[in-house]
Amino acid sequence: MLCKKALILGARGQLAGALRRATPEGVEVVALERAQLDICDEASIRSILEQYRPDVVWNGAAFNAVDRAQSLEGAREAMHINALGPTMLALACRDYDVRLVHFSTDFVFDGRKTTPYLEDDATNPLSIYGASKLAGERAVLAASPRHLAIRVQRLFGPMVDTTTGSGSAAKPGGNFPFLMLRLGSERDCVRVVDDQIGTPTYNPDLARASWQLLEGSEGGLFHLSNAGEVSFADYAETIFRIKGVSCKVERISSQLYGAPAARPLYSTFSNQKAHSCGVEPLRSWDAALREFLDNYA
Ligand SMILES: NC(=O)c1ccc[n+]([C@@H]2O[C@H](COP(=O)([O-])OP(=O)(O)OC[C@H]3O[C@@H](n4cnc5c(N)ncnc54)[C@H](OP(=O)(O)O)[C@@H]3O)[C@@H](O)[C@H]2O)c1
C-alpha cells in the first residue's frame, strides 16, 4: 500500500465525505473541516502537515457558488478559496513531500465540443468560478508532478454526518436530486434547462475511483465521471420517474433561465486516461442514481 495516512480537508463537503467513506482498509484518516483548517491559512496548513505527516492530502474544500462568483464579492471569495488556497496547499505539500489530490470542474471548458472532453483539450471558462478553478488546478499541477488534479462534474450523493463520516438522507438544497425532489413535492411543474449536456456523477463511485487513481498514477490531470450523458431536463424526469413523482418538467433554454454565470452546453468527459492508469470504468449515471434514490431519498 502506497498510502498509510491521509488527510481530508473541507470535510463537511459532499465529496470529502464520500472520500472518507471510501478510504481503503489499513489507511488511517484524519478529516478536518473548515473550522479546523482553513485552506487559505498558510501557517495553519504547514503546522497541520508537521503535526500529522500524512502521505496524501485530499482537498475537498472549494467555493462552489457559481452564480455568486459573478459578483465582485463572490469573485474575491472564489479566487481566494479556489485558486490561492490550493496554491498554498500545493506548495506546502510539495515541501513536506506529501501528494495532494485536488478537484476541479468541467466548467473550465466552453462547451463547444460535441464529443467527450479529453484532459488536454483547450480550456476556456465561461464564468469567474470556472476561471478560479482553472487557476487552482494549474497551480497544483505546477507545484509538483506528483500532485493530482481531478476534474469532476454534477456531483450527487448522500450528505455527510460530520461526526461519524457516514452518509445520511436528504438535507434541503444539497444537490440536484434532492433539490428536484423538494421542488417536485411542492409544485405541479418545474422549469429545467434542456440544453446543458453532461454526466451526473455519484460521489461514492467517484471517491472509489479517485483512490484507485491515487494508487495507479504518478500524478497529473485527469477526468472522472460516471458513464453516459444527459440534459438537466432529462435528468430531472429520470429522478421523478424513479421516485414516482407526478411533477411535470417544463423544458427551457439556458438563455431563458438566465443564470448570472454562463455554463458550458456540453461537458461530457472522456475517462480514458484514468482507465489507462488502472481505474475501473464507472457505471452509468442512471444506474448510480437509482441506487442513490433507493437508499437515501
Ligand atoms: N458539486 C458539484 O457538482 C461539483 C462540480 C464540479 C466540480 N466540483 C468540485 O468538486 C470538489 C468537491 O465539491 P463538493 O460539491 O463536495 O463541495 P461542497 O459540498 O460545496 O463542499 C465544499 C466544502 O469546502 C469547505 N470550504 C470552503 N472554503 C474553505 C476553506 N477556506 N477552508 C476549508 N474548507 C473550506 C466548505 O465548508 P463549509 O461547509 O464550512 O462552508 C464545504 O464543506 C470541489 O473542488 C468542487 O469545486 C463539484
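These points cover the ligand site and the nonpolar cores of a predicted model.

1. Ligand shell. The ligand has 23 residues around it. Leu15, Asp38, Asn64, Lys133 and Leu155 come nearest. By class, the shell splits into 10 nonpolar, eight polar and five charged residues.

2. Polar contacts. A nitrogen atom of the ligand sits 3.0 Å from a polar backbone atom of Ile39. Two side chains face ligand oxygen: a polar atom of Tyr129 is 3.1 Å from an oxygen atom of the ligand, and an N or O atom of Arg12 is 3.3 Å from an oxygen atom of the ligand.

3. Cover. On its own, the ligand has 900 Å² of accessible area. The protein covers 82% of that.

4. Elements at the site. α1 (14-21), β4 (99-105) and α4 each give two or more residues to the shell around the ligand. β4 gives the most, with three residues.

5. Largest nonpolar core. This core holds 29 residues. Leu7, Leu9 and Val57 touch the most other members. At least two residues each come from β1 (5-9), β2 (28-32), α2 (42-52), α3 (72-95) and α4 (128-143). α3 gives the most, with seven residues.

6. Leu9. Set aside its neighbours within four places in sequence. Leu9 is then in contact with Ala16, Leu32, Leu37, Ile39, Val57, Trp58, Asn59, Gly60, Ala61 and Leu89. Ile39 in that list also supplies the backbone atom in the 3.0 Å pair with the ligand nitrogen.

7. Another core. Apart from the largest core lies another, of 27 residues. Its members include Leu183, Phe240, Trp285 and Leu293.

Terms used:
Residues numbered from 1 in each chain as written. Predicted model: local features only at pLDDT ≥ 70, side-chain atom pairs only at ≥ 80, totals over all residues. Heavy atoms only, no water. Core = buried A, V, L, I, M, F, W, Y, C linked by side-chain atoms within 4.5 Å. Buried < 20%, exposed > 50% of the residue type's maximum accessible area, 1.4 Å probe, protein only. Helix = DSSP H or I, 4+ residues; strand = E, 2+ residues; numbered from the N terminus. Contact = heavy atoms within 4.5 Å. Near = heavy atom within 4 Å. Polar contact = N/O pair within 3.5 Å; in protein donor to acceptor, adjacent residues only side chain to side chain. Areas by Shrake-Rupley, 256 points an atom, 1.4 Å probe, with all protein chains shown as cover. Nonpolar A, V, L, I, M, F, W, Y, C, P; charged D, E, K, R; others polar.
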